[in-house]
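Here's a quick walk through a small protein model, from the overall fold down to a few individual side chains. Have a look at it first.

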Amino acid sequence: EVCRAEAEGAWLARFSDGTLVTADAPEAAVLAALARLDLDQAERVTVVAGQDGPDAERVASTVRAGWPHLRVDTVAGGQSFPPLVLGIE
């Protein structure tokens with residue numbers, strides 16, 4: 001999941017194990033998070049945008065540029081929190 005750290009103004013990407021990466025923009029947080037993963041065998045990334053999340057298509061375009069072998073889908077999740085969730089298959 002990717003969310004904004006209000007106190008610092010940074011964006012945080014949090015892994016399911018609790019590991020955090022930070023960046024100054026949501027796209028940068030997504031890139032930093034994905035860079036920590038082995039995506040060679042992955043086939044798809046789903047970008048799930050929340051109510052007040054960043055533009056899902058802009059995030060998806062960033063992912064496509066970094067990992068052209070992946071299929072990247074966007075979904076309007078509508079969740080109030082977190083503003084952005086990534087699913088990797």
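## Fold, core and helix packing

Let's start with burial: in this predicted model, buried residues account for 40% of the 89 residues in the protein chain. DSSP-wise, the chain has 2 helices and 6 strands, and reading along the sequence you get β-β-β-α-β-α-β-β. The radius of gyration is 12 Å, close to the 12 Å that the globule rule gives for 89 residues, so the chain is as compact as a globular protein of that length. If you want a box for it, the C-alpha trace spans about 35 × 25 × 20 Å along its principal axes. As for contact order, take the contacts between residues at least 6 apart in sequence: 65% of them join residues at least 24 apart.

Now the inside. In soluble globular proteins, nonpolar side chains tend to be buried together. Here the largest nonpolar core has 23 residues, and the members touching the most others are V2, V30, V47, V63 and L70. Several elements chip in, each with at least two residues of this core, as tabulated below.

| Element | Residue range |
|---|---|
| β2 | residues 10-14 |
| β3 | residues 20-23 |
| α1 | residues 26-35 |
| β4 | residues 44-49 |
| α2 | residues 56-66 |

Which residues does V2 contact once its neighbours within four places in sequence are left aside? They are W11, L12, A13, P26, A29, V30, P82, P83 and L84. So much for that end of the chain; on to the helices.

α1 and α2 pack at an angle of about 40°, and their axes are 10 Å apart. The crossing of the two helices is right-handed. On the α1 side the contact is made by E27, V30, L31 and L34, while α2 brings R58, V59, T62 and V63. Sorted by class, that contact of α1 with α2 comes to 5 nonpolar, 1 polar and 2 charged residues. V30 and V63 thus turn up in the helix contact as well as among the best-connected core members.

Finally, a look at L86, which sits in strand β6 (residues 84-88). Not counting residues up to four places away in sequence, L86 touches V30, L34, V45, T46 and V47. V30 and L34 are α1 residues in the contact with α2, so to speak a familiar pair by now. What separates the C-alpha atoms of L86 and R58, 28 residues apart along the chain? The distance between those two C-alpha atoms is 14 Å.

Notes:
Residues numbered from 1 in each chain as written. Predicted model: local features only at pLDDT ≥ 70, side-chain atom pairs only at ≥ 80, totals over all residues. Heavy atoms only, no water. Core = buried A, V, L, I, M, F, W, Y, C linked by side-chain atoms within 4.5 Å. Buried < 20%, exposed > 50% of the residue type's maximum accessible area, 1.4 Å probe, protein only. Helix = DSSP H or I, 4+ residues; strand = E, 2+ residues; numbered from the N terminus. Contact = heavy atoms within 4.5 Å. Axes fitted to C-alpha atoms, helices over the stretch in contact; angles between N-to-C directions. Left-handed = near helix turned anticlockwise from the far one by under 90°. Nonpolar A, V, L, I, M, F, W, Y, C, P; charged D, E, K, R; others polar. Rg over C-alpha atoms; globule rule 2.2 N^0.38 Å.
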